[in-house]
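Here's a quick briefing on a single chain, from overall build down to one sheet. Have a look at the fold before reading on.

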Amino acid sequence: MTTTCFSRPAFKSRVVPVIVLADPAHAVPLAHALLEGGIDVMEITLRSDAALQSIEAVAKAVPQMHLGAGTVTRVAEVQRVIDAGATFALSPGATDKLVSTVKAAKLPFIPGVMTPGEVMHRREQGFTLMKLFPAQQAGGLGMLKALGAPIPDVMFCPTGGVSPENLKDFLKLPNVAMAGGSWLTPADALAAGDWARITRLAREATELAAQV
């Protein structure tokens, strides 16, 4: 990935695990567990003090993993996630200042949007892949269908309220490139180091995506 605005990142998985890590020691075994389950992407969110260390650990030890930094909401965080080894970033929303910063840094970026006006604004800035967040509160499947008619050239990664029960419904939509979710890495499984469970959840999600 060499461009800041992309329509489809280099990873193959259509399911993006949204991860909050409390212990950076869990990052590398988690990456291996997800890969074993067929998922080649991680969104490690900046929602914990362990985030940057976790990104750095995966970047060094598991180079085949496509490593995204999530919850990038401040300009100052952009260089930090780049230095840690993230290859792209995602945000629940975006400001023009944040967009100009990621563009200057040449960091591939998936901006968060919730309204048609935000979608049109980010499209004017060159983005054709956006994160619909929070997806269910923004209207879920109905919102994505409604956006697809007047703005068919934008693809989405809905995140927030996506689950195994509705994953296929989201992925069937022509304007959904992939979907994000936190169910793949439950806090109790991470705390217990239950990597087999995470591999099983990843494999189940991969199989569901393959049915679409």
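A contact here means heavy atoms within 4.5 Å. With that in hand, take the contacts in the chain between residues at least 6 apart in sequence: 60% of them join residues at least 24 apart. Keep in mind that this is a predicted model. Its chain has nine helices and nine strands.

**Overall build**
- The radius of gyration is 16 Å, which agrees with a compact globule, because 212 residues packed that way would give a value near 17 Å.
- Measure along the principal axes and the C-alpha trace spans about 45 × 40 × 25 Å.

**Surface and charge**
- Of the 212 residues, 50% count as buried.
- About 8,900 Å² of the chain is exposed, and carbon and sulfur atoms supply 54% of that area.
- On the charge side, there are 19 positive and 18 negative side chains.
- The centres of those two sets lie 5 Å apart.

**A three-stranded sheet**
- Strands in a sheet pair through backbone hydrogen bonds, and the pairing can be parallel or antiparallel.
- Which way does the pairing go in the open sheet with the order β6-β7-β8? In this sheet of three strands it is parallel.
- At the edges sit β6 (112-113) and β8 (155-156), each pairing on one side only.
- Two bridges link β6 to β7 (residues 129-132), in the parallel sense.
- Within that pairing, V113 stands opposite L132 in β7.

Notes
Residues numbered from 1 in each chain as written. Predicted model: local features only at pLDDT ≥ 70, side-chain atom pairs only at ≥ 80, totals over all residues. Heavy atoms only, no water. Helix = DSSP H or I, 4+ residues; strand = E, 2+ residues; numbered from the N terminus. Rg over C-alpha atoms; globule rule 2.2 N^0.38 Å. Buried < 20%, exposed > 50% of the residue type's maximum accessible area, 1.4 Å probe, protein only. Areas by Shrake-Rupley, 256 points an atom, 1.4 Å probe, with all protein chains shown as cover. Lys, Arg positive; Asp, Glu negative; His and termini not counted. Charge placed at Lys NZ, Arg CZ, Asp CG, Glu CD. Pairing = 2+ DSSP bridges.
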